[in-house]
Number of protein chains: 2
Amino acid sequence: MSDPILFYFDFSSPYGYFAALKIDDLAAGFERDVIWRPMMLGAAMKVTGSKPLAEVEIKGDYCKHDWDRLSRFMGVPWTMPEKFPIASLAVSRAFYWLDDVNPEMAKRFALAAFDAYFGHGRDITDPDIVAELAMEQGIEPEGLLAAVQDPAVKQRLKDETVNAIEAGVFGSPYIIVDGEGFWGADRLWMVKRWLRSGGW
Amino acid sequence: MSDPILFYFDFSSPYGYFAALKIDDLAAGFERDVIWRPMMLGAAMKVTGSKPLAEVEIKGDYCKHDWDRLSRFMGVPWTMPEKFPIASLAVSRAFYWLDDVNPEMAKRFALAAFDAYFGHGRDITDPDIVAELAMEQGIEPEGLLAAVQDPAVKQRLKDETVNAIEAGVFGSPYIIVDGEGFWGADRLWMVKRWLRSGGW
């Protein structure tokens, strides 16, 4: 099997949510695994001098409309959460804590968190809600609540964010296939083509 | 026939170039005409507080790589012009001057200008080069050279840019179908779906 695909995203990113629903199926068609890497997009935005999409004049309103339209075209749940964007610290830390034990379990948890936030508007900045989502996946809530406050887990998320930026990640989602980067949920067609052709 | 599609772009925009090569064929499949509307993207960027892609940290390098890759996947000419981005005043004014006479001729001229700039790196900020490109299309160079200095034509481009921003245009390309806006060369699939389904 070839090298796994790297899937970078922020839990606060609508386009990250849309791509998360598709990336593993896409990769499976080419017998590739996907490694999920949540990150703090805000740190990358400081480097590029960008601000959150929803706060940009005109473009912000366009994107809100686009998310609604995209969910309709994809046939997936969508709601504009009351609290948006968010600092997705708790859920990202919980992800890495789970990922060290079982990456597939961490992905199921991540999809549940995305669905809770963007599908149903639940506040995933609240560790208790994050723990509740984990519990629905059969994960011990006490362990998770301790992990999101654990200095080592906190540092892990910081390190992963630094690593992501060093790898060229400046937006969410950002996908790396054999060293080649692709930015955006709209670029899955190009990821597919790259996987099929090796870049030609 | 249904209402025409509005195609907004800046001659300095690589993604505008890639979309220009496809939009009329796409629309023709749904028996729609396309009205081309070059604009000064810089004016829209002031509103959104953006800066030219190529000047953004990390993202700028990503995009340069992406243009090269996209041209390869599309099988179309590409070169990174030495002078980039440019203020595309002369070529945009020439476009509107031609558009008033014959929109199809103006489109052929626009495609020739895009091909000269992004296909072969010619400097389309130079009115003499713009006139030469027009001449190859059987257009009188003297008339064109006068038009690009004509206050009425200059004002026309300013007005079109203001109108575009008022219509919600903040990037290039930006396509409006029956009041619905689509941003980016990556969104042609969505334009197509919208034309087919009427938004569902």
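Which backbone oxygen does the side chain of A:Ser92 reach? The legends below get to that along the way, and keep in mind that this is a predicted model.

**View 1. A:Ser92 and its surroundings in helix α5 of chain A.** Here we zoom in on a serine sitting in α5, the helix that spans residues 89-101 of chain A. The side chain of A:Ser92 reaches the backbone oxygen of A:Ser88, at 2.6 Å. Is A:Ser92 buried or exposed? With a relative accessibility of 0%, A:Ser92 counts as buried, because the cut-off for that is under 20%. Leaving aside residues up to four places away in sequence, A:Ser92 touches A:Phe11, A:Pro38, A:Met40 and A:Leu157.

**View 2. The buried residues of α3(A).** Four residues to look for in this helix are A:Leu41, A:Ala44, A:Met45 and A:Thr48, which are buried. Why do they end up on the same side of α3(A)? They cover an arc of only 105° around the axis, so they share one side of the helix. As a rule, an α-helix has 3.6 residues a turn, so residues three or four places apart point the same way. What do the buried residues of α3(A) pack against? Their partner is α9, residues 151-166 of chain A. Just after α3(A) comes A:Gly49, and its phi is positive, near 70°.

**View 3. Where chain A meets chain B.** Now for the contact between the two chains, to which chain A gives 30 residues and chain B gives 30 residues. Together the chains bury about 3,100 Å², with 61% of that on carbon and sulfur atoms. Three residues to pick out are A:Ile58, A:Tyr62 and A:Phe73: they supply 22% of the area that chain A buries against chain B, more than any other three residues.

**View 4. Salt bridges and polar contacts between chain A and chain B.** How many salt bridges cross this interface? There are 6, and one pairs A:Asp66 with B:Arg187, whose closest N and O atoms are 2.6 Å apart. The interface also holds 14 residue pairs in polar contact. On the side of chain A that touches chain B, the elements giving two or more residues are α3 (41-48), α4 (59-74), β4 (180-183) and α10 (188-197). Of these, α4(A) provides the largest share, 8 residues. Sorted by type, the residues on that side of chain A come out as 16 nonpolar, 5 polar and 9 charged.

Methods. Residues are numbered from 1 along each chain as its sequence is written. Chains are lettered from A and ligands numbered from 1 in the order in which they are written. This is a predicted model: local features need pLDDT of at least 70, side-chain atom pairs count only at pLDDT 80 or more; totals for chains, interfaces and linings use all residues. Side-chain values use heavy atoms; hydrogens and water are left out. Contact means heavy atoms within 4.5 Å. Buried area is the accessible area (1.4 Å probe) that two parts lose on being put together, summed over both. A salt bridge is a side-chain nitrogen of Lys or Arg within 4 Å of a carboxyl oxygen of Asp or Glu. A polar contact is a pair of N or O atoms within 3.5 Å; within protein, one must be able to donate a hydrogen and the other to accept it, and residues adjacent in sequence count only if both atoms are side-chain atoms. Ala, Val, Leu, Ile, Met, Phe, Trp, Tyr, Cys and Pro count as nonpolar, Asp, Glu, Lys and Arg as charged, and the others, Gly among them, as polar. Buried means under 20% relative accessible area, exposed over 50%, partly exposed in between (1.4 Å probe, protein chains only). The arc is that of the directions from the helix axis to the C-beta atoms.
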